[in-house]
Amino acid sequence: MEDKKIRVRFAPSPTGYLHIGGARTALFNWLYARHYNGTFVLRIEDTDQVRSTEEAVNVILEGMKWLDLDWDEGPEKGGEYGPYYQMKRLHIYQEYTEKLLKDNKAYHCYCTREELAKSREKQARENKSLKYDRHCFNLSEEEKKRYEAEGRKPVIRLKIPAKEIAFDDLLRGEVTFDGGLLSDFVIMKSDGIPTYNYAVVIDDALMEITDVMRGDDHISNTPKQIVIYEALGFDVPKFAHIPMIMGQDHTRLSKRHGATSVMEYKKMGYIPEAVVNYITHLGWSSGGEREIFTKEELIKEFSLDKISKHAAVFSMEKLNWFNSEYLKNMSIDSLTKMLLPFLKEANYIENEEDLSPAKNEYIKEVVKLMQGRIKNFSQFVDYADYFFVDKIDIEPQAFDSVLSEEGVPGILQTLKEKLSALKCWNEESIENAVREVASSLQIKGGQIIHPTRVALSGKKVGPGLFELMVVLGQDKTVKRLKEAIEKIEEVKK
């Protein structure tokens, strides 16, 4: 790398939540900065006053913090290149606009929407490029005053030089555009708010951003931005346009693919480290077979030449795999601690701080039982609900296909009596009791194990039955067998 210190930025618009695509852009910039011992800047692009909200800013910051993507400069941190909110930088954009007007590189445009539409229609009829016809480029002061007397408020357009615009994309190599096809686009709206392309250039230049890494949906903005850099006499940064993330049907990523707000993944019970590991692999590969990396290892391994030139495909199944791998390797204590808020939200415990040692130990036993079976904490709450309620709901399909079988009440009754009499409640004695009942009734193991599982959990699948019964306890096991028998008899009436 050059001697110049790397400075990169993530610049979200606070018009919604931080989604997976934005999080990956932030992550790639963060990894790049950390790999080269550079600076990672967070900037809030809040010039869309209609859609920008303080709430959205907070959600973005919350998402960044949850993913542990700490920024070196920006909101809550400050820095010598601030302010880091565009609406607090309006005087800066105005200053540079005055310079462009003075240098005859920009001009006031008073055209109405109707006049612009008519101009485009005329160009279309004549098979010409649809671009601004520079009607206002050489207006006299008198003409300007007349327009202003009519109540027209001008926008400011940049004069585009008719020349080839080229840049060397760090991922794609040389990219060229015909500047002659570009229209004199608006840089300042009539209300004094800068347009996206204009503000972003001034911010990146003044914040000394060396490398602009962003999604390839921005590639059409790059020639416009280069023209602005050159008009203002700024150094043009390096650009890297990362391929988009697609859904599994290869359409643009959306909620229907399971991709929602980053904070929604937190609510669903995903581990932030697993989410970071997964989204790093959306378009990046270390080059080997290995997929699980620590944050430090990702920083060490990350480089732009390992980013794919093809669109990445988002898969909930793959995210679940990453998360389950993390859950499998967590200590029972850590896993239990992280699960408690989810149990509280489901009303399975009252207060995390007031848990009795016995209740805490019970939860740990349930966690041990489910650890290898769950993909996220929400799934734990769904799969293990029967451990935390007095009365279970038996899944209708499980009842119909298992408990309604001929002879099931008699089997459960015999088992109930056998288990009630047990003096020692452990896996071995429970298994022996179940085997003895199966032998005495001359039935196969499955004929007793399957209905017993449904009677105790309400579900057809789950952890090992004998382990489940140990954790559930003798009293609860016997009680649920009794209730299942009563329910079967009731349905038969």
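**View 1. Arg-34 and its surroundings in helix H1.** A helix, as the word is used in these legends, is a DSSP run of H or I that is at least four residues long, and helices are numbered from the N terminus. Arg-34 has its place in one of these runs, helix H1, which covers residues 20-35. In this predicted model, a polar atom of the Arg-34 side chain lies 2.9 Å from the backbone oxygen of Asp-70. When residues up to four places away in sequence are not counted, Arg-34 touches Phe-40, Asp-70, Asp-72 and Ile-299, and Asp-70 is therefore a contact partner that also supplies the backbone oxygen, since contact means heavy atoms within 4.5 Å.

**View 2. Strand E1 and its neighbour E2.** From strand E1, Arg-7 and Arg-9 point one way while Val-8 and Phe-10 point the other way, and these residues are all buried. Strand E1 is joined by 4 bridges to strand E2, made up of residues 39-42, and the two strands run parallel. Within this pairing, Val-8 has Phe-40 of E2 as its bridge partner, and Phe-40 is also among the residues that Arg-34 touches.

**View 3. Strand E4 with E3 and E7 as its partners.** Strand E4, residues 155-158, is covered on both faces, with Val-155 and Arg-157 buried on one side and Ile-156 and Leu-158 buried on the other. Strand E3, residues 106-109, is joined to E4 by 4 bridges, and these two strands run antiparallel; here Cys-109 stands opposite Val-155. Strand E7, residues 186-188, is joined to E4 by 2 bridges, also in an antiparallel arrangement, and in this pairing Arg-157 stands opposite Val-186.

**View 4. Cysteines without disulfides.** The count of disulfides in the model comes to 0. For Cys-109, the closest cysteine sulfur is that of Cys-111, and because it is 3.9 Å away, it is too far for a bond. Cys-136 is likewise in no disulfide, with the nearest cysteine sulfur, again that of Cys-111, 3.6 Å away. Cys-109 counts as buried because its relative accessible area is 2%, and Cys-136 is also buried, with a relative accessible area of 2%.

**View 5. Helix H6 and what packs against it.** Helix H6, residues 196-206, is mostly covered, since 9 of its 11 residues are buried. These buried residues are Asn-197, Tyr-198, Ala-199, Val-200, Val-201, Ile-202, Asp-203, Asp-204 and Ala-205. They pack against strand E1 (7-10), helix H3 (90-102), strand E7, strand E8 (211-215) and helix H7 (222-232). Just after H6, Glu-208 takes a positive phi of about 55°.

**View 6. Helix H11 and the loop that leads into it.** Phe-314 is found in the loop between strand E11 (312-313) and helix H11 (316-328), and this residue counts as buried because its relative accessible area is 1%. At the start of H11, a side-chain oxygen of Ser-315 reaches to within 3.3 Å of the backbone nitrogen of Glu-317. At 1.5 Å a residue, the 13 residues of H11 should span 18 Å, and this agrees with the end C-alpha atoms, which are 18 Å apart. The buried residues of H11 are Met-316, Leu-319, Asn-320, Phe-322, Asn-323, Ser-324, Tyr-326 and Leu-327, and what covers them includes helix H8 (262-268), helix H9 (272-280), helix H12 (332-345) and helix H14 (377-383).

**View 7. Two separate nonpolar cores.** The largest nonpolar core has 62 residues, and Phe-380, Phe-387, Phe-388 and Leu-419 have the most contacts inside it. A second, separate core has 52 residues and includes Trp-30, Met-213, Val-276 and Tyr-278. In soluble globular proteins, nonpolar side chains tend to be buried together. Leaving out residues up to four places away in sequence, Phe-380 touches Leu-339, Leu-343, Val-366, Val-367, Met-370, Ile-374, Asp-385 and Phe-388.

**View 8. Glu-417 in helix H16.** Glu-417 lies in helix H16, which covers residues 408-420. Its relative accessibility is 48%, and Glu-417 therefore counts as partly exposed. The C-alpha atom of Glu-417 is separated by 79 Å from that of Val-175, a residue 242 residues apart from it along the chain.

How values were computed: Residues numbered from 1 in each chain as written. Predicted model: local features only at pLDDT ≥ 70, side-chain atom pairs only at ≥ 80, totals over all residues. Heavy atoms only, no water. Core = buried A, V, L, I, M, F, W, Y, C linked by side-chain atoms within 4.5 Å. Buried < 20%, exposed > 50% of the residue type's maximum accessible area, 1.4 Å probe, protein only. Pairing = 2+ DSSP bridges. Polar contact = N/O pair within 3.5 Å; in protein donor to acceptor, adjacent residues only side chain to side chain. Expected span 1.5 Å × (residues − 1). Disulfide = S-S within 2.5 Å.
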